[in-house]
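Work through the exercises below with the sequence and the model open. Each task is followed by a solution in steps.

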Amino acid sequence: MANHYHAVFVLAIAVIGMVSAAVVPRSLLPTGDTNVPMNLTADIVLRDGYYLEQHQVTTADGYILTMFRIPGSPANPVRQGKNVAFLMHGLLSSSADYVISGPGRALAYLLVDAGYDVWLGNARGNTNSRRHIFHDPDARSTNFWDFSWHEIGYFDLPAMIDYTLAYTGHTSLHYAGHSQGTTSFFVMASTQPDYNKKIRSMHALAPVAFMSNLRSPFVRAFAPFVNQLEWIMSMLGVNEFLPSNEMMILGGQRLCEDESPFQEVCANVLFLIGGFNSPQLNRTMIPALLENAPAGASVNQLVHYAQGYNSGRFRQYDFGLTLNLIRYGSVRPPDYPLHRVTAPVALHFSDNDWLAAVSDVRELHSHLSNSIGLFRVSDPRWNHLDFVWGIDANTFLYERVISFMDRFN
């Protein structure tokens, strides 16, 4: 069925759902649209003085996704023919990851300053992409949340990449993803290998595919009970995990601001997720980080990761014996055929990443036929979240990423 949808809609992807196709001032952004409850990315980019476009694309299975384009800045004017860099966020996050650190620090801005045409993707279900042509994400009984990161890789990334290439007139682009943004890429490139030729270079920041050696206490505690939790959530009609809301944002601002005695508690919650690295966390920025994340995700995205931890395999969603037989023709879900990933891939990893263990990254590397290489961040305390929020990410990581992109132009 997925292949049927894709064949019917792929020719229309480049033209469906475009909302804004020009550099826009703040007043023209749809901030009053109740279907887009927050536009944090747009607010940040315009505040920082960079040019901005907002685009929408409809996937082959009906999800309406928002992308942001930063085509230039006053210091680096908009012009035709710039090489394209596409950035994809991680789980429970959004495109704001790549701008929230501000000029001179955030990857999106550094790429714009280096002369790139930067596009920021948003996966289905986050605050920028909570729309579907049929399904209501807020209805109690809805099929909107019936997806995991498999569908993000199989439907969302192809739709956004096709749109970006059609709009810019390019035939290929550079891709950088963090965490789930790497997982979904490997889904796309292995299940739809024609997309490999559309990738000039791929930069996997904290790559997550194999997961059996991760150290995160949250995943380790949750994973053994994933089947029971999935059943309970289904019975309760809860399909969205950690939706963003104003109460959570306000709480983060009050509890985590500089004057709050609880700010260090907020910092330690972040460290428990991805690893401890106190010098790289800008504590003043924590309220803004919590406005961005959690940005919403489906329960199935978490379940799919827990399944990967339990099985030690990088494979499709496990629906249980009966449904697996119906969907896959086997009692177990198939592994993703990583040997079909032929795009040049650079794996950027660190020793203190609690969600992307070094041994798991090396396992992923062993399955890739065209790897640029394994690149360790030299800071021994660098954690999973530092790849997008670290104070010195430019020095430790982004300079190398941009240098590699330049090499593949």
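## Exercise 1: the ends and course of α4

In this predicted model, Ser148 caps the N-terminal end of α4, with a side-chain oxygen 3.1 Å from the backbone nitrogen of His150.

Task: Compare the span expected for α4 with the distance between its end C-alpha atoms, and locate the kink in α4.

Solution.
1. Helix α4 covers residues 149-168, which makes 20 residues.
2. The expected span is 1.5 Å times one less than the number of residues, so α4 should reach 28 Å.
3. The end C-alpha atoms of α4 are 27 Å apart, in agreement with that expectation.
4. A kink of about 30° is found at Asp156, shortly before the proline Pro158.
5. After α4 comes Gly169, with a positive phi near 80°.

## Exercise 2: α4 against α5

Task: Classify the crossing of α4 and α5 as parallel or perpendicular, and place Ser184 in the contact.

Solution.
1. The two helix axes approach within 8 Å and cross at roughly 80°.
2. Angles of 65 to 115 degrees count as roughly perpendicular, so α4 is roughly perpendicular to α5.
3. On the α4 side the contact includes Trp149, Ile152, Gly153 and Leu157; on the α5 side it includes Ser184, Phe185 and Met188.
4. Ser184 belongs to α5, residues 180-191.
5. Beyond its neighbours within four places in sequence, Ser184 contacts Trp149, Ile152, Gly153, Leu157 and Tyr175.
6. Ser184 has 1% relative accessibility and therefore counts as buried, the cut-off being under 20%.
7. Helix α4 is mostly covered as well, with 18 of its 20 residues buried.

## Exercise 3: two strand residues

Task: Decide whether His55 is buried or exposed, and find which side chains make polar contacts with the side chain of His55.

Solution.
1. His55 sits in strand β1, residues 53-58.
2. Its relative accessible area is 0%, so His55 is buried.
3. The side chain of His55 has a polar contact of 2.7 Å with the side chain of Glu53 and one of 2.7 Å with that of Tyr163.
4. His55 and Thr164 are 109 residues apart in sequence, with their C-alpha atoms 9.4 Å apart.

Task: Which residues does Glu240 touch, leaving out those up to four places away in sequence?

Solution.
1. Glu240 lies in strand β8, residues 240-241.
2. Its contacts are with Gly125, Arg130, Trp145, Gly296, Ala297, Ser298 and Val299.
3. From Glu240 to Ala297 there are 57 residues in sequence and 5.8 Å between C-alpha atoms.
4. Glu240 counts as buried because its relative accessibility is 15%.

Methods: Residues numbered from 1 in each chain as written. Predicted model: local features only at pLDDT ≥ 70, side-chain atom pairs only at ≥ 80, totals over all residues. Heavy atoms only, no water. Helix = DSSP H or I, 4+ residues; strand = E, 2+ residues; numbered from the N terminus. Buried < 20%, exposed > 50% of the residue type's maximum accessible area, 1.4 Å probe, protein only. Contact = heavy atoms within 4.5 Å. Bend = angle between axes of the 7 residues up to and from the residue. Polar contact = N/O pair within 3.5 Å; in protein donor to acceptor, adjacent residues only side chain to side chain. Axes fitted to C-alpha atoms, helices over the stretch in contact; angles between N-to-C directions. Parallel < 35°, antiparallel > 145°, perpendicular 65-115°, else oblique.
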